[in-house]
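Visitor: I should like to understand how descriptive words about a protein are justified. Please take me through the reasoning one step at a time.

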Amino acid sequence: MNDFLEKFGAYTLDKQHNLYNVIGENSWNVDLNKQEIYFGDTLTFPIQVLGSFSHSSETWLWIWENKSGYSESLMEQALALKKYGEENNIDLLKTGQFDAYQSDLHLFGMLASEVFNSSAYYLANYGQGTMVLTIKSDLIDNQESYDNIRVSTVFPEFISLFEINNHKNALVNYLLLKGYKLFENKNELIAEKNEKKITATFNENNLLTGLKG
């Protein structure tokens, strides 16, 4: 999972800001029978549900382990991750219910977003728990990313959510996926795109010490 996060984590978290640009401060509602989520009165998106986190027991429950009788079409992505977990002996993906942390919800959303090319994931807090779902929409995909500002916002957020072994590798992968050209000089990384520059510095353990641009 650390390898996955180093390769794709920051980029999938970046896509969350496209979602926020679209939904703004609108409240949410879901219709699981229609497999849709609504934000305000005008925004409707198709969804896949991965599972839910109980705030009281602090446990994660995959939707396929839930006994509420949801349709299989609602959980296609969750079932595909389960199959992958079984084939590759990944407990996190094949165990129906287990103790979890809030950061795990982002991990599940990021993983599904990357594997299934979703536009974003959404953490739907309903009081007693939080449901994790994915969304696909051209409206979200086509949002302007404001690259340098986005990078300087997303990457610190990313390394605060997860204990990443190698910040430098994670930032390199993120910037390459964002279309930057990279130049390295000892513990300094310089990224350029559209005549704008980002400079990052790292310590001897490849952990981030400075980021500006």
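Visitor: What share of the contacts in the protein with a separation of 6 or more comes from residues 24 or more positions apart?

Guide: Residues 24 or more positions apart account for 56% of those contacts. Please bear in mind that this is a predicted model.

Visitor: Why is the protein called as compact as a globular protein of its length?

Guide: The globule rule gives 17 Å for 213 residues, and the radius of gyration of the protein is 18 Å. The two values are close, so the protein is as compact as a globular protein of that length. Its C-alpha trace spans about 55 × 40 × 30 Å along the principal axes, and its secondary structure comes to seven helices and 11 strands.

Visitor: How much of the protein is buried, and what is its accessible surface?

Guide: Of the 213 residues, 45% count as buried. The accessible surface comes to about 11,200 Å², and 44% of this belongs to carbon and sulfur atoms.

Visitor: Which residues have the most contacts inside the largest nonpolar core?

Guide: That core has 59 residues, and those with the most contacts inside it are Phe45, Trp60, Trp62, Tyr122, Leu133, Ile135 and Phe158. Helix H1, residues 2-23, gives the most to this core, with seven residues. As for tryptophan 62, its contacts beyond four places in sequence include Leu50, Ala78, Leu81, Phe98 and Phe108.

Visitor: Why is phenylalanine 202 called buried?

Guide: The term requires a relative accessible area under 20%. Phenylalanine 202 has 4%, and therefore it is buried. This residue lies in strand S10, residues 196-202. Beyond four places in sequence, phenylalanine 202 touches His167, Lys168, Leu171, Asn187, Leu189, Leu207, Leu208 and Thr209. By contrast, the C-alpha atoms of phenylalanine 202 and histidine 55 are separated by 37 Å.

Visitor: How do you know that valine 172 counts as buried?

Guide: The same reasoning applies. The relative accessibility of valine 172 is 16%, and the limit for the term is under 20%; valine 172 therefore counts as buried. Valine 172 belongs to helix H7, residues 167-177, and among residues more than four places away in sequence it is in contact with Leu182 and Leu189. Its C-alpha atom is 8.9 Å from that of alanine 191, which is 19 residues away in sequence.

Visitor: What makes aspartate 147 count as buried, although it has a charged side chain?

Guide: The word rests on accessibility: aspartate 147 has 16%, whereas the limit is under 20%, so it counts as buried. Aspartate 147 is found in helix H6, residues 147-161. Leaving aside neighbours within four places in sequence, aspartate 147 is in contact with Lys178, Tyr180 and Lys193. Aspartate 147 and lysine 178 are 31 residues apart in sequence, yet 7.8 Å apart in space, C-alpha to C-alpha.

Visitor: Why is lysine 186 called exposed?

Guide: Exposed requires over 50%. Lysine 186 has 76% relative accessibility and therefore counts as exposed. Lysine 186 sits in the loop between strand S8 (181-185) and strand S9 (188-193). Its phi is near 55°, a positive value in a residue other than glycine.

Visitor: Where is asparagine 117, and what is its phi?

Guide: Asparagine 117 is in the loop between helix H4 (102-115) and strand S6 (120-125). Its phi is positive, about 55°, although asparagine 117 is not a glycine.

Key: Residues numbered from 1 in each chain as written. Predicted model: local features only at pLDDT ≥ 70, side-chain atom pairs only at ≥ 80, totals over all residues. Heavy atoms only, no water. Core = buried A, V, L, I, M, F, W, Y, C linked by side-chain atoms within 4.5 Å. Buried < 20%, exposed > 50% of the residue type's maximum accessible area, 1.4 Å probe, protein only. Helix = DSSP H or I, 4+ residues; strand = E, 2+ residues; numbered from the N terminus. Contact = heavy atoms within 4.5 Å. Rg over C-alpha atoms; globule rule 2.2 N^0.38 Å. Areas by Shrake-Rupley, 256 points an atom, 1.4 Å probe, with all protein chains shown as cover.
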